[in-house]
Structure formats: C-alpha cells, structure tokens
Amino acid sequence: MAGFKLLLSQSRRLSQPHFSSSRFLPLHRSLSSSYSSSSDSQSFPIQPVSYAPKPKDPPQPDQTLQSTPPEEGTRSTLSREDLRYVKDVPNISPISYPTRVAPLPEDRVGEARDQESEEMAKESRKIQAESRAWRIPFRVAAEEEKVVIPFPMLIMPEKKNEKRPVLDLMDAIREVKGNAKANFDETVEAHVRLGIDQKRSELIVRGTMALPHGAKKEVKVAVFAEGADADDARAAGADIVGGVDLIEEIASTGKVDFDRCFSTHSFMKRLYKISKILNQHGLMPNPKQGTVTKDVTKAVKEAKQGQVKFRMDKTSIVHVGIGKVSLSEEFLRDNVGAFMNSLLLAKPAGLKKTSKYAGYVNSFHICSTMGPGFRVSIQSLSRAADHYSKVYLNA
C-alpha cells in the first residue's frame, strides 16, 4: 500500500506543467495505463457533447462593378480598390431591344409581292424547260417543231480480216472514179507488190514509161550523140544535141539546162567526166532506165510525150501515178496497160520464173488520191498490156 501511494504521488508530480517534457511522456503513459488497469473500482464515464449546427452564410452578391457606390451606413460588398474605380462612374441604365422577326411573304406590299411571284414562276418554267430539253432532246424537238426524226441506222464496221473481192480492171476504174469526191482533180495511183527480195540490190526494179494519155508537159531533152544519131535526134525534136563540146561546156560551168538526158553506147565512156554533175540532178544515162539507147528517135519522142519514172521501194512495192480522175475509163485502161508493159520490160534477169507474172507481180491495187483502194485481177492486167502493145507499139 505504501508503494502504491508513492507511485501515485510521482504521477501527480509529473502531470504538473513544468514536468511535461517529452522525455517523461512515455513514463506518464505507462503509469496512467497501469493505474487505469489496476483501479477497476474507480471509473470515469465520458459524457457526449453536442454542438449547435453552424448557420449557413447568406448568398453573396456578384462581385462585379456596381453602377452606383453604396449608400452611407450600409456595408459594401466591394473592396476598397474596387470602390476607387466605381466612385466617379455615371449611372448606366440597362437597355432592352425589341425582338426582330423575319417578314413573311404576306406581310409585304401587294404589288411587289405579285411581281416577285411572277418572276419566280417564269424562272421555274425556264428551269423545267431546260431540264426537259436536256433529258429528251429528240422528243422535245419533235413536239415543238413537229418534225419526224427517223430511227438511226446501225452501220456495221468493216472487219479488218475481211478480204475484198478481186475486181476486173474496168470495174476497178469505175469504183475509183465513183469514190473520188474531193474538190480537186485527184490522181489515179497504182500500187504493185512484187515478189522480189528487197535485200538483193541486183534485183531492184526501176524504169520509165510513156503514158499515151498523160499530162502534156514541156520537157527539155538533151542527147549526147554525133553524126547520123545527132541528126536523128534533132529531127525527132531534141532541144540540145552535142558531143565532146557539150561535155566540155558542162564540165567547165557545172550547170545543167535540160530535164531528160539520152546517150548512145559509144558516148558512155566520155560521159564519165561529167558523171558527178549529172548524178547530182539524177540525169546520168542508165541502160536499165532506157536512157542509153540505139533508137534515139523513139527515145526523144517518148520523152517529149511525158515519161514517168518508177522504182521499187524498200518494201518491194512500186508506186506510180497513171493519170487523173477526169480522164475517161478507156484512157485510164490504156495508161495501166502502158505501165504493165514497162514493168514487164524492167523485170530482172536473175528472177527465175517461168511465167511473166507468177512470182513477179503478187498483187495490184488501184485507187485515187483521197479514195479507197481496189484490188485488180492479174488476168485483166495482162489483157490491158496486150491491148496497149497491139494498139500503140505495133501500129
């Protein structure tokens, strides 16, 4: 009991303010707990405490600038700094504007409303007419103009692989004349595909021909000959006839004043002196072209009639003009016969074929300058060549 009193006195002493140090706090707690556990007879009940609810604050007015400063004796909601700016501000009364409503069509003036409605009706009718004409133009045109429009005809395109029939020469000439619809006098052209290898230069086909009904042109003819051949050339109508003196003149001046040139076999060796000048103008005499001949009279007369040159191109095709569309069918047939006769004369000797046309002439087409082409049979060409030889060569 004495020990218990000693502990109690010490605890009281520690509970004093001057002993409330942090180092004695654990001891105080331990003593208090031990005391409360040991003294079960003494208990201290804790009474509940209730507090009155705190009243809610009244809603504060908006902290914006007021139009007028507060009256004296009333508490202002503005701060001192705000009052410095609000002090001298004049009174601003709120302004309210009436609500605006878009005017309706019935609110407008009667005349303006009627005029606008008429314009709108015209515009709508115009738009409807344009849409109808765009969608069904043929029907609108037929209704307005009362024109009967025929149903369009379907034209079948020609097949590329479809072979055209082979025509007789006279029928082909009629077709060419019928399809020549240009506004000028078209040229009738002949295109012959030859069965010759274009790589073999010794088999190149070239020559000249005199069309019996060709266009008459003034051709200046020169003949290199002496003696009797020179006299025959002058009699036939040659423009320039000469020998060594003519060669020296051309060699010195370098000028050529003629369109066709012929020579005899005896003068060919002397012409090599001016061969370069003649080759520049394509006038060097050549036996294959018939400009080196023994019959000077015949050569000059044919040249005066108007001879036409032809030559095989790189694709083994010969292109030549044989007259104008304005010529008659018989004249065009004679010109085709003259061309075929000259083509047979220009046939290479190295071409080993038994027939005149087999293996040499593969196809023959005739056309106008702006028209389609028509294939001609070889039999009708052979008859035209025979007719030309009989009428013009053997006469």
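Six bridges join strand β1 (residues 187-194) to strand β8 (residues 361-367), and the two strands run antiparallel; helices (H or I, at least four residues) and strands (E, at least two) are DSSP runs, numbered from the N terminus, and two strands pair if DSSP finds at least two bridges between them. The model is predicted, so that local features need pLDDT of at least 70 and side-chain atom pairs count only at pLDDT 80 or more, whereas totals for chains, interfaces and linings use all residues. Residues are numbered from 1 along each chain as its sequence is written, and side-chain values use heavy atoms, with hydrogens and water left out.

Within the pairing of β1 with β8, A190 stands opposite I366 in β8. These strands belong to an open sheet of four strands in the order β7-β1-β8-β9, with antiparallel pairing. Because β7 (317-324) and β9 (373-375) stand at the edges, each with a single partner strand, one side of each is left without a neighbour in the sheet. The twist of this sheet averages 25° from one strand to the next, where angles run from 0 to 180 degrees between N-to-C directions and axes are lines fitted to C-alpha atoms, for helices over the stretch in contact. Helix α12 lies across β1, β7 and β8, running at about 150° to β7, with contact meaning heavy atoms within 4.5 Å.

Helix α12 (residues 329-345) also meets helix α13 (residues 378-393), their axes coming within 7 Å and crossing at roughly 95°. This crossing makes α12 roughly perpendicular to α13, given that angles under 35 degrees count as roughly parallel, over 145 as roughly antiparallel, 65 to 115 as roughly perpendicular and the rest as oblique. On the α12 side, the contact involves R333, D334, V336, G337, A338, M340 and N341, which meet L381, A384, A385, H387, Y388, S389, Y392 and L393 in α13. The residues of this contact divide into nine nonpolar, four polar and two charged, with Ala, Val, Leu, Ile, Met, Phe, Trp, Tyr, Cys and Pro counted as nonpolar, Asp, Glu, Lys and Arg as charged, and the others, Gly among them, as polar.

A further open sheet consists of three strands in the order β4-β3-β5, and its pairing is parallel. Here β4 (240-242) and β5 (260-263) stand at the edges with a single partner strand each, so one side of each is left without a neighbour in the sheet. The twist averages 15° from one strand to the next. Three bridges join β3 (residues 221-224) to β4 in parallel, and F224 stands opposite G242 in β4. Helix α11 (residues 296-305) packs on this sheet, touching β3 and β5, and its direction makes about 165° with that of β3.
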